Amino acid sequence: MRLSPNPILKTVAWGYIWFFRAIPRLVLAVLFGNLGILWSRIGLGLPFDRQIGGLFGIHDLNAQFFSIKATDLLTGFVAGMLALGLSEAAYMAEIVRAGIQSIDVGQGEAAAALGMSRGLVLRRIVLPQAMRVIVPPTGNETIAMIKDTSLVAFTPVTTELFFQLNAISARTFKVFPVLVAAVIWYLILCSVMMIAQYFIERHFSRGYGTADRARQRLRDIGVEQGGPDGRGRGRRQGGDMTGGTAEMVRAENVHKSFGHLEVLKGIDLVVRQGEVCVVLGPSGSGKSTFLRCVNHLEKINAGKIYVAGDLIGYRQRGEQLHELREREVAAQRRSIGMVFQRFNLFPHMTALANIMEAPCRVKKEPKGEVRQRALALLDRVGLADKVDSYPGQLSGGQQQRVAIARALAMQPKLMLFDEPTSALDPELVGEVLDVMKDLARDGMTMIVVTHEIGFAREVGDSLVFMDGGVVVESGPPREVIAEPKHERTRAFLAKVL
């Protein structure tokens, strides 16, 4: 509720947390233990039943469903449970919120780009990672609450440990042995919790172990693969513009603003089926923003974007555009693969699990069939021997190749690459570009935001140069690179070539 965009839910949650964190648990225990004094009985029924009955001439109307003595309902045990539970919930809410907010926003975006719903993203991607942050303070809070159960001795709870030990010491006049017994019991209870916490932490730390990474690095010394088994190394002549005649992507007068900052100022673009469109431009020109608008990770402020003839993110009724519901947008994203600059692999899953997650959970495909396709994709990108490796055990180039395989596992019509090599060391760039060349040779429609001029010249069918939120120049890559017509394009190419 604290993280909800709904202001009412957020305010209610904040008020609850503020109140119950501010009141001492002892005060709450005594308060709930004495609530039975305020009312003799607690019942459930319709209010003003006798007055209502009198209006209709029914003088014996009794619309009370049940009634119970307040002291029977609010026993000492119930009072203790309420005091500790309501107070602890306020602390736990903040711990869980901190855990969720500690997860990089790219994880949610990567999952959303695979067509996952918000609930699925939270359950399968965010919470398993957040548990690494949630579990340690939760263990501390649980142990603290076990010790705080002694506060309930101030309410009439005859089964509470400290209450019983006090009663024994009062009868036997042996205070010290009783205190030692209390120490032993609390040590046993807290030790059990600490052991449980250890195994829970170990479970949610999969893929993060430094020892595992060190062993993997030792195994990888001298066997780092330079490319995906030589596949996709053939040259593809760019600039033929004949990859296909059907339009795969059409952008019409697309505008996008962040507050008062207008990032896209009317983008018009057509990418045909089977075409590789390379987008160049300086930082801040709107390249990545436009790419994210294509699969509705960013909502456009004006204009339209079509993919394979479908209007993305909206439904048109007359002259009005109405945004689609979340699950409808997620269904559109399933046919649009996206590879991010920072990989955004799910660190708690192996390479194989990363690839299988969306087809199994989103498309509900048979696990055996998906596994065979995932293994084939890993072999295609040259990582057949990294099936059980976690992202933290892979190099940057290997992670990006797994990310490409993950996107391909959804069998998309269109692939979007957002500067896929900019976060890599120069030595690792080639292995990712080789995979992308392989895709281009197989006829995959791609929009690639990159600064790799060589890739644009060799593989691209069209080149778009953006600056200041507009398309400055476009055309066949070889022509634009060799003889740019616009002064801004010439200035940019002079710096990067």
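1. Let's start with a word you will need throughout: a residue is called buried when its relative accessible area is under 20%, exposed when the value is over 50%, and partly exposed in between. Take R25 as a first try: its relative accessible area is 12%, so R25 counts as buried. Please keep in mind that the model in front of you is predicted.

2. Now the overall picture. The protein has 497 residues, and 46% of them count as buried. Its secondary structure comes to 19 helices and 14 strands. Among contacts with a separation of 6 or more, 71% are between residues 24 or more positions apart. The exposed surface is about 25700 Å², and carbon and sulfur atoms supply 59% of that area.

3. Next, look inside. In soluble globular proteins, nonpolar side chains tend to be buried together. Here the largest nonpolar core has 52 residues, and the members that touch the most others are M116, L264, L269, V307, L414, L416 and I447. Which helix gives this core its largest share? That is helix α7, residues 118–148, with six residues. A second, separate core holds 50 residues, including L378, I453, I481 and L493.

4. V307 is a good residue to click on. Leaving aside residues up to four places away in sequence, V307 touches M248, V249, V294, I312, I336 and L414. L414 is also listed with V307 among the core members that touch the most others.

5. On to charges. Side chains of opposite charge can pair when their charged atoms come close. How many salt bridges does the structure hold? The count is 23. One of them joins the side chains of R25 and E141, at 3.9 Å from N to O. Because R25 sits in helix α2 (residues 25–33) and E141 in helix α7, this pair ties together parts that are 116 residues apart in sequence.

6. R25 has another partner: D148, with the closest N and O atoms 2.8 Å apart. This pair too links distant parts of the chain, since R25 is in helix α2 and D148 in helix α7, 123 residues apart. Is D148 buried, partly exposed or exposed? With a relative accessible area of 23%, D148 is partly exposed, whereas R25 at 12% is buried.

7. Helix α7 takes part in a further salt bridge, between the side chains of R118 and E326, at 3.9 Å from N to O. R118 lies in helix α7 and E326 in helix α12 (residues 326–333), so the pair ties together parts that are 208 residues apart in sequence. R118 has 63% relative accessibility and therefore counts as exposed, while E326, at 37%, is partly exposed. As for R25, salt bridges that share partners join R25, E88, E141 and D148 into one network.

8. Nonpolar side chains can also be found on the surface of this model. F176, V180, I184, W185, I188 and V192 form a nonpolar patch there, with about 610 Å² of accessible area together. F176 belongs to helix α9, residues 175–204. Its relative accessible area is 63%, so F176 is exposed.

9. Now for the rings. A pair of aromatic rings is described by the distance of the centres and the angle of the planes. The whole structure has six aromatic pairs. In one of them, W14 and W18, the ring centres are 6.3 Å apart and the planes stand at 5°, so the pair is stacked. Both belong to helix α1 (residues 7–22), and because they are four residues apart, about one helical turn separates them. W14 is partly exposed at 49% relative accessibility, and W18 is exposed at 53%. Ring pairs also link W14, Y16, W18, F19 and F20 into a cluster.

10. Finally, compare that with F465 and F492. This aromatic pair is tilted, with 5.2 Å from centre to centre and 45° between the planes. F465 is in strand β13 (residues 462–467) and F492 in helix α19 (residues 487–496), so the pair ties together parts that are 27 residues apart in sequence. Are these two rings on buried or exposed residues? F465 is buried, at 1% relative accessibility, and F492 is buried as well, at 8%.

How values were computed
Residues are numbered from 1 along each chain as its sequence is written. This is a predicted model: local features need pLDDT of at least 70, side-chain atom pairs count only at pLDDT 80 or more; totals for chains, interfaces and linings use all residues. Side-chain values use heavy atoms; hydrogens and water are left out. A nonpolar core is a set of buried Ala, Val, Leu, Ile, Met, Phe, Trp, Tyr and Cys residues joined through side-chain atoms within 4.5 Å. Buried means under 20% relative accessible area, exposed over 50%, partly exposed in between (1.4 Å probe, protein chains only). Helices (H or I, at least four residues) and strands (E, at least two) are DSSP runs, numbered from the N terminus. Contact means heavy atoms within 4.5 Å. A salt bridge is a side-chain nitrogen of Lys or Arg within 4 Å of a carboxyl oxygen of Asp or Glu. Accessible areas come from the Shrake-Rupley method with a 1.4 Å probe; for residues, only the protein chains shown count as cover. Patches are made of residues with over 30% relative accessible area and no salt bridge: like charges are joined within 9 Å, nonpolar side chains (Val, Leu, Ile, Met, Phe, Trp, Tyr) within 5 Å. Rings of Phe, Tyr and Trp (its six-membered ring) pair if their centres lie within 6.5 Å; planes under 30 degrees apart count as stacked, over 60 as edge-to-face and the rest as tilted.
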